[in-house]
Structure formats: C-alpha cells, structure tokens
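Biologist: Please take a close look at one part of this model, the aromatic pairing in its interior, and set it in the context of the whole chain.

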Amino acid sequence: LASQNTAIGLVQAHATEKQREAASGVGKQGTVLGVVFPCMANILGVLLFLRMPWIVGKAGVLASFCLVGCGCMCTFLTALSLSAVATNGKVAGGGAYFLISRSLGPSLGAGVGLCFYFANSIGAAMYIIGTVEAWEVAQPNAQLMTAGDINNIRVTGYVILAFCIAAVAGGMRYVVRLGTTFLFIVFGVILSMYIGCFTGPTSFSDINLPDLAVGISAEVDALRGSGWRSQYKGLSMENLRENWSPNYDATQHAYPGDTIQYDFVQFLALWFPACTGIMAGANRSADLADAKASIPKGTLFAQLSTSIVYLSFTVIYGMAASRPLLLHDRFFAASSAWPHPAIVIYGVMASTIGAALASLISACRLLNAIAQDGTLPILKVFAAPQGKEPRIALLASAVLTTVAISIGDLNVVAPIITMFFLLCYFCINMACGMLDLTKDPNWRPTFRFYHWFLSLCGMILCVVLMFLISLLNALMACLLAAAIFFYATKKSNE
C-alpha cells in the first residue's frame, strides 16, 4: 500500500507541476479552442477522404451506415465515461493517462497509457501513408519511385516522417498551435466535398483511374475519357438503389495490391481509427480555463458533430456515383470536389501532415509522462528533465512510426491501430463502470450524464469488436496490456 501511495504521489506531483504551469495564466483556453477544435482535428482524418467512397462501393450504403454507426457508438459511450472520469475531483494537468492513473492506480494507467502511445505512434504512420497516396494522385510524374508502387509509399513516407520529426523537435509548442489552421483546412475540404456531391462534376473535374491496359476491365474501360460523367451527375435515387446492398465480392481496381477478402467486420476494423480522437481535449487539461466544464461539453460536441458528418457521407456517396466509379476511383473525394479537385487533394495533404505532427507530439509526450511517472522503470531513459522537450521519447516514437510506414499499406495499418484504441477505450469504460458500481467514496464526478450500465455496454462493445476483428491480435493486445500491468505492479511493490 505504501509503494502504491508513492506511485500515486508521483502522478499527483506531475499533475501539480502541470497545474502550476496552467496557473500562470499563459495559454488558458476555453471549450472551443481547448477541446472542440483539438478533438475534431484528431477525429476528422484521412480515412474519410481516401477510403469512405471505396467502403460504400464495396459494403453498400446500409452496411456502411451501420459500421460507421457502430464505431461512432463505441466512441460515444467512451466519451461519456471519459467525461465522468475527467470530472472526478479536481482536474489537474497530465491528460488522459493521469486521469486514468488517478482513478484506477498507476499500474493499470501505465498499461492503458502505453496502448494509447502505440496507437498514436502507428497512427502517425497511417496519416503519412495517406499523405503519400494524395501526393501520388496530385503529381504522379514527380515521385521518388513509380507511383502506386509500395516502395514509393515507403521511401516517400520516410522522407515525410523525417520532415515531421525535424518540425516537432524544432518547436513542439509552435507546431501544436498550428492545429487550428489544419482543422480549418479540413473544414474547407469537407465543404468542397459536400457541394461537389450535390452539384455534380464541373469543367475541372476528373477521375483517378488505375493504370490498366484497355480490355482488362470492362467497367474501367467504360469510365475512361468522359464516360465517367454519365455515372456521376450529382445525387440520384437510382445510384442509391444500386449501392444500397453490399457486394463484397465485387472486383475493385482502386487498390490493386489489396487482396484482403473484406466483409462487414473487416471494413469496421479499417474504418474505426476514423472515429478516434476523443481524448485530445482531455490531454490538454492543463491548458483549460475550466477543465471540468470544457472536457465533457467539448468532447461530446466534437464526437456527435463528426459522427453526423461521417454518417451523412455514407448516404451522400451512395447517391452521388455508380458502384463502378466508387470501386475504381482511388480518390473519389477529390474527383467529386467543387470547384476543383486540387482543393481536396492538397487540402488532404496539409491536413494529414498536420494530423501526423499532432500524433507524434501526443505520442512522445505520453511516453515521457509514463517514463517520468516511474511506474515502469524500464522506460526511465525516455524521461526528459522538467521543462525540457521529450526528444528521446520523440526518437522512440519515430522508430515505431518508421516500422509502421514500412508496411506500406493504409488498409493494413488501420486495423492495427483499431486494436490498441479498442483496448484503451475498454479500460476507460471499465474505470468508470467499476468506480460507479463499487460506490467508491472518492468517486464524485460533476458530469452527471453517465451510468454504469452505459459503461458496461461500452466495455462489451469494445471486447466484442476486438475478438470479432481478430482473435489472435486481440489476445496478443490483451497479453501485452496484462504484462505491462503485472510488471508495473511488481516494480511498485519493490
């Protein structure tokens, strides 16, 4: 008990330090700038632009709506639990890791924190791969290697990662401030997509077909030249009827290297990272003027508003284009953009680079926080001195991101992230549910719109999704978290 109290004391000391920084009055933010914008910037991402039309083409409108809704429901339930945990007692600095550590103890907090760290580091790779895909469409003849080749994605991704590391190492605080700028770029891109789907093609519109010889695919041949314009005229009930049901066996040429046999669960695994990002506001608790009020309001507003955007596009894309166009155009979000595809192409590149920078910053700060906590002595080397930037933790994150980029396929990287986020969200729901059920005397959240039953539903949903997506990967993720927990407990006892 004494060692446990010592570990908790370390957590509280770090939180007190963060609180002292916030008390200086520098950088205090309200609900919109401090929570809503960071959450929306982390949620709205590359999968909406590069994979949503393709998912609708394969899974159909109904199944796409359901799988997107399933992911949004999981994060909504978790957002309720997070809001309760975040408002339990005095909210200090330290982010989601310290909120969980304070509620369930440093040992479990360390396990959840490392899962969140892995998700952020690998998430940076997903955003960088998305940047390369957009760049290949923008300038296919200006690539380091052949456009569409997996090695081009890897090499170009390494170059972009090197730029991101240099930018973060050079001025982490300045990069954080650019988050709002990148978010407004995303807003502009989404507006362009909405208008384009409603109005139909402009004189600048063009599609991004695979480089296939004539005769290999009759569907692709029918889209060549101006043939695609007959299959994209704006919203149409005819397209909605055609795209309503799934066709998982339909041939697609947008991503020739992807040989995965998709079904509902596989598409859910691919899509789920697009729903994450709800912890971005809680991670800035030290910078908020009124964290107790801002975290619940801002997190739930961001989660609900982005869910509406996602769900609306499952229907809009199903009404905007024929199934062959959705299946074979690798960047239909840009093809359908108004008034020019370049708005979406370069907007997506800017936003994905911004998201990669944010993920790297979040990852290295989280690793630094866990290392400073001392619960996992093996990570002590990554702890930066107080007031210094965590550059060694940044280097560790860069190595993990490099490994993920080497996979070279966004469709493979995204499900890996899904597993870590689901495990992290499971623990947040468990924290809220257990504290409420056991009537812990220290459990007094000011956020009232939660219930242990909702937390239980969130836990069950996370576990079911994990084991449906991949039994082996789910077991490996659980074993990893358990090993971290027992190691942290052993060292605390020592």
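Modeller: Phe116 and Phe421 are both buried. The model is a predicted one, and these two residues are a convenient place to start. Their ring centres lie 6.1 Å apart with the planes at 65°. An angle over 60 degrees counts as edge-to-face, so that is the class of the Phe116 and Phe421 pair. Phe116 belongs to helix α6 and Phe421 to helix α18 (residues 410–437), so the pair links distant parts of the chain, with the two positions 305 residues apart.

This pair is one of 21 aromatic pairs in the structure. Elsewhere, ring pairs join Trp54, Tyr248, Tyr255, Tyr262 and Phe267 into a cluster. One member of that cluster, Tyr255, also has a charged neighbour: Arg51 lies over the face of Tyr255, at 3.9 Å from the ring centre.

Now the nonpolar interior. The largest nonpolar core contains 159 residues, and Leu48, Trp271 and Phe331 are those with the most contacts inside it. Helix α6, residues 106–138, is the biggest contributor to this core, giving 19 residues. The same helix α6 carries Phe116. For Leu48, leaving aside neighbours within four places in sequence, the contacts are Pro53, Ile190, Met193, Trp271, Val309, Tyr310 and Phe313. Trp271 therefore appears twice, as a contact of Leu48 and among the core residues with the most contacts.

Another helix to examine is α16, which runs over residues 341–373. At 1.5 Å a residue, its 33 residues should span 48 Å, and the end C-alpha atoms are 48 Å apart, in agreement with that expectation. Of the 33 residues of α16, 24 are buried, so the helix is largely enclosed by the rest of the structure. Just after α16 comes Gly374, which takes a positive phi of about 85°.

For the chain as a whole, there are 20 helices and 0 strands. Buried residues account for 57% of its 494 residues. Among contacts between residues at least 6 apart in sequence, 83% join residues at least 24 apart; the link between Phe116 and Phe421 spans 305 residues. The chain exposes about 19,500 Å², of which carbon and sulfur atoms supply 66%.

Conventions:
Residues are numbered from 1 along each chain as its sequence is written. This is a predicted model: local features need pLDDT of at least 70, side-chain atom pairs count only at pLDDT 80 or more; totals for chains, interfaces and linings use all residues. Side-chain values use heavy atoms; hydrogens and water are left out. Helices (H or I, at least four residues) and strands (E, at least two) are DSSP runs, numbered from the N terminus. Buried means under 20% relative accessible area, exposed over 50%, partly exposed in between (1.4 Å probe, protein chains only). Contact means heavy atoms within 4.5 Å. Accessible areas come from the Shrake-Rupley method with a 1.4 Å probe; for residues, only the protein chains shown count as cover. The expected span of a helix is 1.5 Å times one less than its number of residues. A nonpolar core is a set of buried Ala, Val, Leu, Ile, Met, Phe, Trp, Tyr and Cys residues joined through side-chain atoms within 4.5 Å. Rings of Phe, Tyr and Trp (its six-membered ring) pair if their centres lie within 6.5 Å; planes under 30 degrees apart count as stacked, over 60 as edge-to-face and the rest as tilted. A charge sits over a ring if NZ of Lys or CZ of Arg is within 6 Å of the ring centre and within 35 degrees of the ring normal.
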